Amino acid sequence: QVQLVESGGGLVQAGGSLRLSCAASGRRNAMGWFRQAPGKEREFVTAISWDDFNTYYEDSVKGRFTITRDNSKNTVYLQMNSLKPEDTAVYYCAASTTGLNLRMSSGYNYWGQGTQVTVSS
């Protein structure tokens with residue numbers, strides 16, 4: 001079974017940076033990040049294929065967010081730069097055992113508990 005633990009959220013001013021971490025265990029073909037703001041649906045942010053390193057980004061974060069891996073620590077990271085108040089949300093790490101439909105919540109089998117990111121103006 002895949003287990004995920006997120007960390008690294010917090011409060012930051014607009015224009016600042018944060019790095020989220022997701023410690024993972026178990027077999028998976030891809031990992032991704034989603035976010036959910038109050039009153040809104042869960043939204044795809046980014047994903048990375050585990051073996052071929054293909055990456056995918058939602059349009060609003062292209063050029064600002066980067067997903068990376070540290071294989072020695074079994075950890076995936078979300079580096080967030082040039083943060084905007086609109087980025088405020090709970091961020092969830094997710095793992096996919098199929099590696100399919102990675103822009104959709106349904107493409108993932110396992111989810112972390114989330115970490116809060118708040119961007120002030």
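**Figure 1. Overall dimensions of the predicted model.** The radius of gyration is taken over C-alpha atoms, and the globule rule is 2.2 Å times the number of residues to the power 0.38. For 121 residues a compact globule would therefore have a radius of gyration near 14 Å, and the 13 Å of the protein agrees with this. The C-alpha trace spans about 40 × 30 × 25 Å along its principal axes. Buried residues account for 44% of the 121 residues.

**Figure 2. Strands and chain order.** The protein contains eleven strands and zero helices. Read from the N terminus, the order of elements is β-β-β-β-β-β-β-β-β-β-β. Taking the contacts between residues at least 6 apart in sequence, 55% join residues at least 24 apart.

**Figure 3. Surface and charged side chains.** About 6,300 Å² of the protein is exposed, and carbon and sulfur atoms supply 45% of that area. There are 12 positive and 10 negative side chains. The centres of these two sets lie 3 Å apart.

**Figure 4. The largest nonpolar core.** This core has 27 residues, of which Met 31, Trp 33, Met 80 and Tyr 91 touch the most other members. At least two core residues come from each of β3 (18-25), β4 (30-36), β5 (43-49), β7 (65-70), β8 (75-80), β9 (89-96) and β11 (115-120). Apart from this core lies another, of seven residues, including Ala 30, Phe 34, Ala 94 and Tyr 108.

**Figure 5. Surroundings of Met 31.** Leaving out residues up to four places away in sequence, Met 31 touches Leu 4, Cys 22 and Ala 24, among others. Its contacts also include Ala 47, Ile 48 and Trp 50, as well as Ile 67 and Val 76. Cys 93, Ala 94, Ala 95 and Tyr 108 are further residues touched by Met 31. Two of these, Ala 94 and Tyr 108, are among the members of the seven-residue core.

**Figure 6. Surroundings of Val 119.** Val 119 lies in strand β11. Buried means under 20% relative accessible area; at 6% relative accessibility, Val 119 therefore counts as buried. Among the residues that Val 119 touches, with those up to four places away in sequence not counted, are Val 12, Gln 13 and Ala 14. Others are Leu 83, Lys 84, Pro 85, Asp 87 and Thr 88. Val 119 and Leu 4 are 115 residues apart along the chain, and their C-alpha atoms are separated by 24 Å.

Methods
Residues numbered from 1 in each chain as written. Predicted model: local features only at pLDDT ≥ 70, side-chain atom pairs only at ≥ 80, totals over all residues. Heavy atoms only, no water. Helix = DSSP H or I, 4+ residues; strand = E, 2+ residues; numbered from the N terminus. Buried < 20%, exposed > 50% of the residue type's maximum accessible area, 1.4 Å probe, protein only. Contact = heavy atoms within 4.5 Å. Areas by Shrake-Rupley, 256 points an atom, 1.4 Å probe, with all protein chains shown as cover. Lys, Arg positive; Asp, Glu negative; His and termini not counted. Charge placed at Lys NZ, Arg CZ, Asp CG, Glu CD. Core = buried A, V, L, I, M, F, W, Y, C linked by side-chain atoms within 4.5 Å.
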